[in-house]
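Thank you all for coming; please have the structure open in front of you while I talk. I will go through a few parts of it in turn, and I will try to be careful about what each one shows.

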Amino acid sequence: MLSRAASSLFWMARYLERAETQARLLDVSLTMALIDVPEDREEQLSVPLLVTGTQAVFQELYKETTPQNLIDFLLLDDRHPASVFSIIGSARDNALHVRGNLSADVWESINLAWMELKELRKKGVTESSASRVFDWTRERSNVFRGAAYGTLLRNDAFNFLRLGTFIERADTTARVLDIRHRMATKSLEGHPTQSFFEWTALLHSLAAFEAYQNTYGHNIEPMNVAELLILKRDVPRSLHACLQEISDLLEQIESGEARRARRLATSLYANIRFGDREYIEERGLHEYLTDFLARIQRITGQIQKDYMGW
Amino acid sequence: MVMLIQTPPEGIYDELFDENNRVRPSCRVLENWLMQSEEAMLAEKRREADVLFQRLGITFNVYGEDQGADRLIPFDLIPRVISASDWQRLQAGLRQRVQALNRFLFDIYHDFDIIRAGVISAEQVFANPQYQPGMQNLKLPRNLYSHIAGIDLIRHSDGDFYVLEDNLRCPSGVSYMLENRRMMMRLFPELFAQAPVAPVEQYPALLGETLRAASLKPDPTVVVLTPGRFNSAYFEHAFLARQMGIELVEGADLFVRQNRVYMKTTVGPQQVDVIYRRVDDDFLDPLAGNPDSMLGVPGLYAAYRTGNVVLANAMGTGVADDKAIYPFVPDMIRFYLGEEPILKNVPTWQGRKPKDLSYILDNLADLVVKETQGAGGYGMLIGPMASKKELSHFRSLLKARPDNYIAQPTLSLSTCPTFVDQGVAPRHLDLRPFVLSGKKVQMVPGGLTRVALKEGSLIVNSSQGGGTKDTWVLEDDPC
């Protein structure tokens, strides 16, 4: 397939995944800001800014870290590329580029999201209507995924699209786990109820709360959480699950001469697949995740070199 | 409230009513349906159609407006019906006309027979800015130039079809023909159970067949070349590529090496044999045409000249659809095919002929004056509707550059009931069928019907407020 089309499909899927995570992150942060003691409120609210690396931009555009400012900035502000509005706009831009490779259902799912978002933006979103918008974002993402799985031919277009999803997902899981795990660990010194909320916030941000309870029961143990989100293959947003997909997809994509991205991904996958929690504990979670993020970025760069002609 | 269908003004052919205001036999099903429809229901269906078109992204950009200001071409719910017998004649006439035009293009780039025979003057061909001297003696597969032609027709008050214009470069609009039909079948499935409407859905398959036949290779790689997503017809380019299952490429996706054209793919370069290009001649290759073009492919022209790639349509077809050449098409048919033209031309006075010019100047208020190079309804004068100021402006234009203009009588385009703010009222329309030339000349029964939504308006172009309708060709006529 066309290199440009592969690139557009890859980024289209990344952006849609990003929009969904952003909604989850913001949702959890706003809830936590309500629960948390007032002095920690700002820290809660800055989590989505930390994960998306947008603190500097936010501070430039808004003075105070209030829930409403955060909603405006991360949902609807078109002055920077990290708002849900900009992200879905970018996804649609990429979708337009590859309309020839998309089924009508997939295209419509994205185009409709964009049209609805433009309407939403006209009305504006307040603290009280925000959760409806988060639900909407998740729903649009699910519709897109359903349309993609239900109607796309299983060819390289589909593979590049999925590659984008899982690269983005691996990246996000690592970032969210890194930041929220640190916060939750710190909270262990405080009130147990507060600490419980911190841990569930981490799990909810990655849609893994039920998965945790199913696997480990009600007691939340820091290392269990790390193990769940890194090593458990059956958790859809775990690093293991993402890397398995990435490595499988690179195996399936017709590759000609290009093998380097495949080698890098397979090697990272092997590390996780045969890794254990003792190693992570020994190395330190933050170190471990920092290394992981660097490797994911190397893989992404190599995918672009190998297939997308950059 | 049931519908009241307004009847057409006198002296105009109406597609639904005959001259005694009786419903034409081919339109009985349609009229029945209209009479049973409530205005509120139609309005509701129209809203539904708008939402669906927006969702599909069947939008276009108007030049001079904000980019990305996605606009819908208004879609009218009431189809235009063409009887089976009318279509048979149209089809024969279109086939004949396109064959002659392709023969003409071959001739003026090779043997010049028609010029030698004195049917058309050398000056008119060679001095035409659309003539591409570089195309001379280039051998093209099957001697085909215009693989895809869109012929604009109108129905005059005498009930006969006239060719208004030939489009032999990159005619667009076929996606509306297909999407309008899909929309009608979705909104009113019951209608199609009652009327024997001929299908048009096979168009992309026929187009694919035509494009593959444009190369002599057994299994050629075909792509659609688009100027990109800011082009007003981008939706159509993507739509056709998807329907044919071939790649939609932009200039930057292609490159030329050793006079061969390749596309950049995830597995390396892949050679391209046929380019269905929706980019104008001048923008195809910055080395040969407009040096500032970012839409084209450097070296493409050389590759084309070497015969390593086929362009559909060929370069240099614009000379044959020029308004200055148009008056000669009936003669071409006689000259190349030895047949009488089946479809009529609109009588045309040519500014370049002194006698014609003085006729034009004397009758300006009754004529339609068009630029020979113009398109899209721009730069034209409709005499009977023009102000004194406009008339005198055109008079001076004509005197300054007479060869730049032609004039035609003000035609009474036929009308068809159309759902507008005032209810169901007659509006003027035209018809653009698409003719495909490959191993044989083929077309699907139908075309794009454009309708002028303003009362009395004769300008159907979407850039000037025109809309579209589904076009029904009947498979057989009711007795």
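Let me begin with the place where two domains of chain B meet: in this predicted model, 25 residues of domain 1 of chain B are in contact with 25 residues of domain 2 of chain B. On the domain 1 side of that contact, the elements giving two or more residues are strand E1 (59-60), helix H6 (174-187) and strand E20 (434-437) of chain B, and the largest share, 3 residues, comes from H6(B). If we sort that side of domain 1 of chain B by class, we find 11 nonpolar, 11 polar and 3 charged residues. The centres of domain 1 and domain 2 of chain B, taken over C-alpha atoms, are separated by 26 Å.

As for where these domains run along the sequence, the assignment for chain B gives domain 1 as 1-198 + 323-346 + 431-479, domain 2 as 202-312 and domain 3 as 348-409.

Stepping back to chain B as a whole, we have 13 helices and 23 strands, and the radius of gyration is 23 Å, close to the 23 Å that the globule rule gives for 479 residues, so chain B is as compact as a globular protein of that length. The C-alpha trace of chain B spans about 70 × 60 × 45 Å along its principal axes, and 45% of its 479 residues count as buried. If we take the contacts in chain B between residues at least 6 apart in sequence, 69% of them join residues at least 24 apart.

Now to the contact between the two chains, which takes 21 residues from chain A and 18 residues from chain B. On the side of chain A that touches chain B, helix H1 (3-35), helix H5 (84-97) and helix H6 (104-123) of chain A each supply at least two residues, with the largest share, 5 residues, coming from H6(A). By class, that side of chain A has 8 nonpolar, 7 polar and 6 charged residues.

Staying with chain A, I would like to look at one helix, H13, residues 260-273, whose 14 residues should span 20 Å at 1.5 Å a residue, and the end C-alpha atoms are indeed 20 Å apart, which agrees. Which residues of H13(A) are buried? They are A:Ala261, A:Arg262, A:Leu264, A:Ala265, A:Leu268, A:Tyr269 and A:Ile272, and they cover an arc of only 165° around the axis, which puts them on the same side of H13(A). As general background, an α-helix has 3.6 residues a turn, so residues three or four places apart point the same way. The buried residues of H13(A) are covered by elements including helix H11 (222-231), helix H12 (239-252) and helix H15 (285-308) of chain A, whereas the face turned away from the buried side carries the exposed residues A:Arg263, A:Ser267 and A:Ala270.

Finally, a single residue: A:Leu206 lies in the loop between helix H9 (192-205) and helix H10 (209-216) of chain A. Is A:Leu206 buried or exposed? With 26 C-beta neighbours inside 10 Å, A:Leu206 counts as buried, the cut-off being 20 or more. Leaving aside residues up to four places away in sequence, A:Leu206 touches A:Thr173, A:Val176, A:Leu229 and A:Arg237.

Definitions and conventions. Residues numbered from 1 in each chain as written. Chains lettered and ligands numbered in written order. Predicted model: local features only at pLDDT ≥ 70, side-chain atom pairs only at ≥ 80, totals over all residues. Helix = DSSP H or I, 4+ residues; strand = E, 2+ residues; numbered from the N terminus. Rg over C-alpha atoms; globule rule 2.2 N^0.38 Å. Buried ≥ 20, exposed ≤ 12 C-beta atoms within 10 Å, placed from the backbone. Contact = placed C-beta atoms within 7 Å. Expected span 1.5 Å × (residues − 1). Arc of directions from axis to C-beta. Domains from an automatic or database assignment. Nonpolar A, V, L, I, M, F, W, Y, C, P; charged D, E, K, R; others polar.
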